[in-house]
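Work through the exercises below with the structure in view. Try each task before reading its solution.

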Amino acid sequence: MASSKKSIYSALIANLLIAITKFIAGVIGRSGSMISEGIHSLVDTANELLLLFGLYRSRKEPDKTHPFGYGKELYFWSFIVSIMIFGLGGGLSIYQGILHIREPEQLGDPTMSYIVLGLSIIFEGSSLIIALKEFNAIRGDQTWWDAVVKSKDPSTFLVMFEDSAAVAGLFIVGICMFLNHRYNIPVLDGIASLLVGLILVAVSAILARESRSLLMGEGISSESRIKITALVERDSAVLKVMHMLSTYQSPDEIILMLIVAFKEDLDTQQINEAIDRIRDCIKHEFSLVRFVLVQPETFSAEITETGSVL
């Protein structure tokens, strides 16, 4: 979690400083695309603050109203961040783009805009490199996309996507601005804003999808389910794992519920002892599993019409 905070803090500082300079350059140079970029950086700054707030809230201790803790706060605020990127970042940039396409305006002195673009690329690029290094260290042997899909900590890839969109947007604005001044095509300013907005909408759709999946209660992988089943069924008191339910309460906390069929000749004390063994064994092998709930069930070989075991 500390590594993700490092990338969030670096992005926060970079975006705040860049947003201010972009707005100044946009007003001086009368550039709608630069103002759109300023909006983009301002939204990114707010996003980093929300992610830090989510991380802080997710660390609250369990209480009577939230016995499993507040881990899902991170997933909630990550989803809010993705919506902000879509609504404030993408929506306003697209609006600015359409406005300047319909009513193109001659740009002013581009010197300040070029300076700001150059500095922004340096700062945003530095922040992106930090985010990429942090995520690369986490993903291991997985592909980049698999690591994003399987990640249970949205703060590790949200900043990476934000910074990637920011750098792409800066290059688009820079190219369109150069062509505008070189060939006097004012409509390119609006086109640049529109393209920046579309990039943000695409990024927000990806982030919203992943954050929603975690918020709705994403469970453990099929590989982990198979390993846990084998682990439990090795116990001498167990006949079969009938069913398994799981959910990530936070990136480093899993709630696991098992419905287990025990041997019929066991008394209550022996079943309780077996449950304790199962719980300790799972927690030892899977450090992220914090809560293990085991429900004894009667095993029956009777098969229903659908083929499931009763």
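## Exercise 1: Cysteines

Cys281 counts as partly exposed because its relative accessibility is 31%. Buried means under 20% relative accessible area, exposed over 50%, and partly exposed in between (1.4 Å probe, protein chains only). This is a predicted model: local features need pLDDT of at least 70, side-chain atom pairs count only at pLDDT 80 or more, and totals for chains, interfaces and linings use all residues. Residues are numbered from 1 along each chain as its sequence is written, and side-chain values use heavy atoms, with hydrogens and water left out.

Task: classify Cys176 as buried or exposed, then state how many disulfides the structure holds.

Solution.
- Step one: Cys176 has 10% relative accessibility, so Cys176 counts as buried.
- Step two: a disulfide is a covalent bond between the sulfur atoms of two cysteines. The test here is a pair of cysteine sulfur atoms within 2.5 Å.
- Step three: the structure holds 0 disulfides.

## Exercise 2: A helix pair

Task: describe how H8 and H9 pack, and list the residues in contact.

Solution.
- Step one: find the helices. H8 covers residues 222-233 and H9 covers residues 268-285. Helices (H or I, at least four residues) and strands (E, at least two) are DSSP runs, numbered from the N terminus.
- Step two: take the geometry. The angle is about 140° and the axes are 10 Å apart. Axes are lines fitted to C-alpha atoms, for helices over the stretch in contact, and angles run from 0 to 180 degrees between N-to-C directions.
- Step three: list the contact. H8 gives Ile228, Leu231 and Val232, while H9 gives Ile278, Cys281, Ile282 and Glu285. Contact means heavy atoms within 4.5 Å.
- Step four: sort by class. The contact of H8 with H9 has 6 nonpolar, no polar and 1 charged residues. Ala, Val, Leu, Ile, Met, Phe, Trp, Tyr, Cys and Pro count as nonpolar, Asp, Glu, Lys and Arg as charged, and the others, Gly among them, as polar.

## Exercise 3: Two serines

Task: place Ser7 and Ser127, and find what each touches beyond four places in sequence.

Solution.
- Step one: Ser7 lies in H1, residues 2-29. Ser7 is buried because its relative accessibility is 2%.
- Step two: Ser7 is in contact with Ile130, Ala131, Glu134 and Val159, leaving aside neighbours within four places in sequence.
- Step three: Ser127 sits in H4. Its relative accessible area is 2%, so Ser127 is buried.
- Step four: with neighbours within four places again left aside, Ser127 contacts Ser10, Ala11 and Asp163.

## Exercise 4: Recorded spans

Task: which residues does UniProt list for "transmembrane region", and what does the model show over 74-99 and 111-132?

Solution.
- Step one: the unreviewed UniProt entry lists residues 7-28, 74-99, 111-132, 157-181 and 187-208. UniProt positions are given in the numbering used here, feature names are shortened, and annotations may be inferred rather than shown by experiment.
- Step two: residues 74-99 are 100% helix and 0% strand, with end C-alpha atoms 36 Å apart.
- Step three: residues 111-132 are 100% helix and 0% strand, and their end C-alpha atoms lie 31 Å apart.

## Exercise 5: A loop residue

Task: locate Asn184 and give its phi.

Solution.
- Step one: Asn184 lies in the loop between H6 (155-183) and H7 (187-215).
- Step two: its phi is near 55°, a positive value in a residue other than glycine.
- Step three: most residues other than glycine have a negative phi.
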